[in-house]
Amino acid sequence: MSRGLDHIVHAVRDLDAAADLYRRLGFTVGARNRHPWGTHNHLVQFPGFFIEILAVVEPEKLEGEGFSALFGTFNRIFLKRQEGLSFMMLESRDAAADAAEFRAARITASEALHFEREGRRPDGSAVKVGFSLAFARDAGAPQVGFAACQQHYPENFWNPAFQQHANTASGIAGAVLVAENPTDHHIFLSAVTGERELHAGSGAITAPTPRGDIRVMDPAAFRTRFGAAPPDVSAGARLAAMRFAVRDRAALRGALGRGQIEAAEHMGATVVAPEAAMGATLVFEAADAGR
């Protein structure tokens, strides 16, 4: 069973500044949440997908195994080097089954792990949200975390009011990794997404998924396609970009202008470079653009 994009983690050192950045980008940003292992986050929702803006705020709570090690400590180490996109989460209907698939494919990093936290509705009332995750590992991408994420109380998590954005972004079009040799990641990408038929192009491979496509591009192809500097991949592949579908490009430009966000028009897309977006490349494309 193929797995679409569920959420992507944007790891930052200053969570308040990052939340402000996303508001100035024209996104609706949720309230601050706290994990028991010391990471805090803000979420930006779309139908079926969200961005997790995350910082390690209480490193003294990072201890033990499980989420603390695989997620909290992973992001702490990531942030020692740089800010940017650190984790790709794929949707899961059964995290235990996904962990078994990952184990059979020899990409597993954990059994299915579960946690719950308190969330807040727009009116301030408390609700329970819960997740089970099966972590995976690509040996050629030690600076990228991967997991399949199953939601247990989706009715408490997703909220259409949080999915309306001034920049008219309506959903995730895809995610982009950069690697010296994209074909080295073909087997892993197929196994983690459950997509058997990957598409090969000039300097890239692509896994089409039920929610957004996942591309692995070489640095030259990334620079040509997006007009932005690729990340340093000397230590392995990196998660470099998120691509968003937008309904109204004029409204997008207006939101970016009001937020004083520097952006460039490149090959039919509006691109915010990593220098302006805390290490991430953010790409905005017309909702009806070809993928």
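I will go through the nonpolar cores, the aromatic pairs, one pocket and a few single residues of this structure, which is a predicted model.

Let me start with the cores, and with a general remark: in soluble globular proteins, nonpolar side chains tend to be buried together. In this model the largest nonpolar core has 57 residues, and those with the most contacts inside it are Tyr22, Phe244 and Leu282. Helix 1, which covers residues 15-24, gives the most to this core, with 5 residues. If we take Phe244 and leave aside its neighbours within four places in sequence, we find Phe244 in contact with a list of residues that includes Phe27, Phe46, Ile51, Ile172 and Leu282, and also Val283, Phe284 and Glu285. Apart from the largest core lies another one, of 24 residues, and among them are Leu43, Met89, Leu113 and Phe157.

Please keep Val283, Phe284 and Glu285 in mind, since those three names come back with Ala269, with which they are also in contact, as are Arg249 and Ala264, once the neighbours of Ala269 within four places in sequence are set aside. Ala269 lies in strand 15, residues 269-272, and with a relative accessible area of 1% it counts as buried, because that value is under 20%. Ala269 and Ala286 are 17 residues apart in sequence, while their C-alpha atoms are 7.4 Å apart in space.

Now to the aromatic rings, where the structure holds 22 aromatic pairs. One of them joins Trp37 and Phe67, which are stacked, with 5.2 Å from centre to centre and 10° between the planes. Trp37 sits in the loop between strand 2 (33-34) and strand 3 (39-46), whereas Phe67 belongs to helix 2, so the pair ties together parts that are 30 residues apart in sequence. Both Trp37 and Phe67 are buried. Phe157 and Trp158 show another geometry, for their ring centres are 4.8 Å apart and their planes stand at 90°, so this pair is edge-to-face. Phe157 counts as buried at 6% relative accessibility, but Trp158, at 23%, counts as partly exposed. These four residues belong to one aromatic cluster, which also contains Phe50, Phe71, Phe74, Phe87, Phe115, Phe131 and Phe135.

Phe74 takes us on to the pocket. Rolling a probe the size of a water molecule over the atoms shows where empty space is left. How much space lies in the second largest pocket? The value is about 200 Å³, and the lining is made up of 15 residues, of which Phe74, Ala136, Arg137, Val144 and Gly145 lie nearest the centre of the pocket. Helix 2 (67-81), strand 7 (126-136) and strand 8 (145-151) each supply at least two residues of this lining, and the largest share, 3 residues, comes from helix 2. By type, the lining divides into 12 nonpolar, 1 polar and 2 charged residues.

Finally, there are two backbone details that I would like you to look at on the model. Gln260 has a positive phi of about 55° although it is not a glycine; Gln260 is placed in the loop between helix 7 (249-258) and strand 14 (264-266), and is exposed, with a relative accessible area of 73%. Met267, likewise not a glycine, has a positive phi of about 50°, is found in the loop between strand 14 and strand 15, and counts as exposed at 54% relative accessibility, because the cut-off is over 50%.

Key
Residues are numbered from 1 along each chain as its sequence is written. This is a predicted model: local features need pLDDT of at least 70, side-chain atom pairs count only at pLDDT 80 or more; totals for chains, interfaces and linings use all residues. Side-chain values use heavy atoms; hydrogens and water are left out. On a 1 Å grid over the protein atoms alone, a cavity is a set of points where a 1.4 Å probe fits but cannot get out, and a pocket is an open set with protein on both sides within 12 Å along at least five of seven lines; lining residues have an atom within 4 Å of a point. Grid points are joined across faces, edges and corners, and a volume is the space filled by probe spheres set on the points. Helices (H or I, at least four residues) and strands (E, at least two) are DSSP runs, numbered from the N terminus. Ala, Val, Leu, Ile, Met, Phe, Trp, Tyr, Cys and Pro count as nonpolar, Asp, Glu, Lys and Arg as charged, and the others, Gly among them, as polar. Buried means under 20% relative accessible area, exposed over 50%, partly exposed in between (1.4 Å probe, protein chains only). Contact means heavy atoms within 4.5 Å. Rings of Phe, Tyr and Trp (its six-membered ring) pair if their centres lie within 6.5 Å; planes under 30 degrees apart count as stacked, over 60 as edge-to-face and the rest as tilted. A nonpolar core is a set of buried Ala, Val, Leu, Ile, Met, Phe, Trp, Tyr and Cys residues joined through side-chain atoms within 4.5 Å.
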